[in-house]
Amino acid sequence: MKAKHISSEEQDEQGVNDDAQGADETADSPSEEPAFSKDEIFHLLQNERRRMVLRYLQGTDGAVRMRDVAEQVAAWEHDTTVEDLTSTQRQRVYIPLYQSHLSKLDEAGLIEYQQNRGIVERQPLADRVDQYLEFDSTDESADEQGSDDGEWDDYYIVTTVLCYAVLLGAVIELPFISFLSGIGLSALILFLFTALTISRVID
């Protein structure tokens, strides 16, 4: 049996076909999403406004107006509502988002930012940083809770000092206190702490 030889022209043609097939397979295969290191994520999220943008987009489905994003971020920054924002407050947030922060999130692949149309859309890659946004929110909640606990600790300290003052006044028979019996004094102290505890539970 004679071996079948491929001419140089046929080899060139086959090589072109193989290259085209490889290109098609590459095009058909899904592109891999870029991987983020923790340092890169933290660097990207170190700016509070960028974190707020991603939090806002967590609750959106599809593209949203960039102006809506900026107004909500400004409202969060100033602890107010969008309706109560001043023009100055809006501009101070809108301009940095327009010029810098949204572009950086877009370059990272977390959002799609069409600057010329004023449109922003969350991308699937943003799911990778959601856990860090939740962690940040948890920290803020913990700080607020710690602040509230410290305030109530002060109330308890003041109440304790007041009870000791009443007790001391009864011992040295101060006016308006000496008439309290042991049971009456105990009832007063119990009432003060009960009222304080109920107030904390309600709060």
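Modeller: A residue counts as buried when its relative accessible area is under 20%, as exposed when it is over 50%, and as partly exposed in between. The structure above is a predicted model.

Biologist: Is R122 buried or partly exposed?
Modeller: The cut-off for buried is under 20%. R122 has a relative accessibility of 19%, so R122 counts as buried.

Biologist: With which residue does R122 form a salt bridge?
Modeller: The closest N and O atoms of the pair are 2.5 Å apart. The partner has a relative accessibility of 48%, so it counts as partly exposed. R122 is bridged to D127.

Biologist: How many salt bridges does a search of the whole structure find?
Modeller: The R122 and D127 pair is a salt bridge. Another joins R65 to D68, with the closest N and O atoms 2.8 Å apart. R65 is partly exposed at 48%, and D68 is partly exposed at 26%. The search of the whole structure gives a total of 4.

Biologist: R49 also forms a salt bridge; with which residue?
Modeller: The closest N and O atoms are 2.5 Å apart in this salt bridge of R49 with E77. The pair links distant parts of the chain, 28 residues apart, with R49 in helix α3 and its partner in helix α4. The partner has a relative accessible area of 30%, so it is partly exposed. The residue asked for is E77.

Biologist: In what order do the elements of the protein chain run from the N terminus?
Modeller: The chain has 7 helices and 3 strands. Read from the N terminus, these run α-α-α-β-α-α-β-β-α-α.

Biologist: What is the order of the strands in the open sheet?
Modeller: The sheet has 3 strands with antiparallel pairing. β1 and β2 each have a single partner strand, so these two stand at the edges. The order is β1-β3-β2.

Biologist: Which residue in β3 stands opposite Y113?
Modeller: Strands β2 (residues 111-114) and β3 (residues 119-122) pair in the antiparallel sense over 4 bridges. On the β1 side, 2 bridges join β1 to β3, and V64 stands opposite V120 there. Y113 stands opposite V120.

Biologist: Which residues of strand β2 point to one face and are buried?
Modeller: In a regular strand the side chains alternate between the two faces of the sheet. The side chains of β2 alternate, and E112 and Q114 point to the face whose residues are not buried. The residues that are buried on the other face are I111 and Y113.

Biologist: Which residue in the turn of the hairpin has a positive phi?
Modeller: The hairpin is formed by β2 and β3, with 4 residues between them. The phi in question is about 70 degrees, and the residue is G118.

Biologist: Which residue has a positive phi although it is not a glycine?
Modeller: Most residues other than glycine have a negative phi. The residue asked for is in the loop between α4 and α5. Its relative accessible area is 73%, so it counts as exposed. With a phi of about 50 degrees, it is D79.

Biologist: How many residues are in the largest nonpolar core?
Modeller: V53, L54, L102, L110, I111 and V120 have the most contacts inside this core. The elements giving two or more residues to it are α2, α3, α4, α5, β2 and α6. Its total number of residues is 29.

Biologist: Which element gives the most to this core?
Modeller: The contribution asked for is 6 residues. It comes from α4.

Biologist: Which residues of α2 are buried?
Modeller: Residues three or four places apart in an α-helix point the same way, because there are 3.6 residues a turn. The buried residues of α2 are I41, L44 and L45. They cover an arc of only 90 degrees around the axis, so they are on the same side of α2. On the other side D39 and H43 are exposed, and the buried ones are I41, L44 and L45.

Biologist: What percentage of the residues of the protein chain count as buried?
Modeller: The protein chain has 203 residues. The share of them that counts as buried is 24%.

How values were computed. Residues are numbered from 1 along each chain as its sequence is written. This is a predicted model: local features need pLDDT of at least 70, side-chain atom pairs count only at pLDDT 80 or more; totals for chains, interfaces and linings use all residues. Side-chain values use heavy atoms; hydrogens and water are left out. A salt bridge is a side-chain nitrogen of Lys or Arg within 4 Å of a carboxyl oxygen of Asp or Glu. Buried means under 20% relative accessible area, exposed over 50%, partly exposed in between (1.4 Å probe, protein chains only). Two strands pair if DSSP finds at least two bridges between them. A nonpolar core is a set of buried Ala, Val, Leu, Ile, Met, Phe, Trp, Tyr and Cys residues joined through side-chain atoms within 4.5 Å. The arc is that of the directions from the helix axis to the C-beta atoms.
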